[in-house]
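Open the model in your viewer and keep the selection box at hand. We begin at a single residue and then widen the view.

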Amino acid sequence: MPINSQNFIMKHLFSIILLCYLGKVTLAQSPYVLVLGVAQDGGYPQAGCKKECCRAVWELKIPHQSVSCIALVDPVSNEQWLFDATPSFTEQLHQLQTTTQNLHLSGIFLTHAHIGHYTGLMSLGREVMGSQKIPVFAMPKMKIFLENNGPWNQLVNLKNIDIKPIDDKEVLVLNSRISVKPFRVPHRDEYSETVGFQIITQNKKLIFIPDIDKWQKWDQDLVSVVKENDVLLLDGTFYQDGEINRPMSEVPHPFVVETMDLLKNLSDKERSKVHFIHLNHTNPILRPHTKERNEVLKKEFNIAAELQKVML
């Protein structure tokens, strides 16, 4: 190595080390999403199920899985938000607080009014936590539903929760580093709208859609959505048709095989952005070592896992 090159390196060695150190600090302080649950509304195992799909969990041969939920964490501002308040709320809040060493919950974003996505709010009431003005971000019909139906309106009246209105495609700035955009998706909207969320930071964009009807019903092109975002947590409720003992048209989620086929022409890198979540107890990709799970991974897609951390 020429002498002048050695001198240059020695002269700037401290700066190089400092830049590397600062890079690590910056990465450590980046916002991130923490997956707190991956199962469909009923969890895994599901109540009343004694079939093979749940038997191994009842017999403690494979782990219990909590209901689909993610947390958004900003280690710089010391803020953390839940996306959906599930029947697994107790365990999920404990996991979040243990992982982040932070007891403060900055707010809860709700996707819709099906039991796996909002009923955990009951733990905020006076019978349990007796919380004070926890921000709950809700679409217009969801807000009306909570305000006008018991026991949820008691949470409002006692100021356990403070409902913050959100609307379709209106960006909400959480702080200088993070924004969130709700967007309507087609689903069975008996009591409220259904939304997915886009989480936006300076470096990345993450999509969270735990519930949606068939992709063809959505006014967006899924291929384009994958290309335009960095990480996608997508509805993987059922693997394929015939999975449950009733007409699956009554619960028209996109089958995992349909989603994979729709995205098959994308590159490996693009397909690897997709993480399937909200998995029904009958879905074989929820269980380890099944041929279906291996097929998903072989095709370069991913399956969300509890306590998975996605850096933003």
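Select N160. Is this residue buried or exposed? N160 has 4% relative accessibility, and buried means under 20%, so N160 counts as buried. Bear in mind that this is a predicted model.

Now show the backbone on either side. N160 sits in a loop. That loop runs between α6 (152-157) and β6 (161-165).

Which residues touch N160, its neighbours within four places in sequence aside? Select L124, G125 and R126, which are among its contacts. Add G130, S131, Q132, K133 and I134, which are also in contact with N160. Finish with Q154 and L155, two further contacts of N160.

**Next stop: the sheet**

Select strands β7 to β13. These seven strands form an open sheet, and its pairing is mixed. Walk across the sheet in this order: β7-β8-β9-β10-β11-β12-β13. Stop at β7 (172-173) and β13 (302-303), which stand at the edges. Each has a single partner strand, so one side of each is left without a neighbour in the sheet.

Turn on backbone hydrogen bonds. Strands of a sheet pair through them, either parallel or antiparallel.

**One strand pair**

Select residues 205-209 and 231-235. The former are strand β10, the latter strand β11. How do β10 and β11 pair, parallel or antiparallel? They pair in the parallel sense, over four bridges. Label L206 and look across to β11: its bridge partner there is V231. Then label I209, whose bridge partner in β11 is L234.

Keep β11 selected and colour by accessibility. The strand is mostly covered, with five of its five residues buried.

**Zoom out**

Clear the selection and show the whole chain. The protein has 10 helices and 14 strands. Its C-alpha atoms fill a box of roughly 75 × 50 × 45 Å along the principal axes. Does that make the fold compact or extended? With 312 residues, a compact globule would have a radius of gyration near 20 Å; the protein has 21 Å, which agrees.

Draw the contacts with a separation of 6 or more. Residues 24 or more positions apart account for 69% of them.

Switch on the surface. The accessible surface comes to about 15400 Å², and carbon and sulfur atoms hold 53% of it. Of the 312 residues, 52% count as buried.

Last, colour the charges. There are 33 positive and 34 negative side chains. The centres of the two sets lie 5 Å apart.

Technical notes. Residues are numbered from 1 along each chain as its sequence is written. This is a predicted model: local features need pLDDT of at least 70, side-chain atom pairs count only at pLDDT 80 or more; totals for chains, interfaces and linings use all residues. Side-chain values use heavy atoms; hydrogens and water are left out. Helices (H or I, at least four residues) and strands (E, at least two) are DSSP runs, numbered from the N terminus. The radius of gyration is taken over C-alpha atoms; the globule rule is 2.2 Å times the number of residues to the power 0.38. Buried means under 20% relative accessible area, exposed over 50%, partly exposed in between (1.4 Å probe, protein chains only). Contact means heavy atoms within 4.5 Å. Accessible areas come from the Shrake-Rupley method with a 1.4 Å probe; for residues, only the protein chains shown count as cover. Lys and Arg count as positive and Asp and Glu as negative; His and the chain ends are not counted. The place of a charge is taken as NZ of Lys, CZ of Arg, CG of Asp or CD of Glu. Two strands pair if DSSP finds at least two bridges between them.
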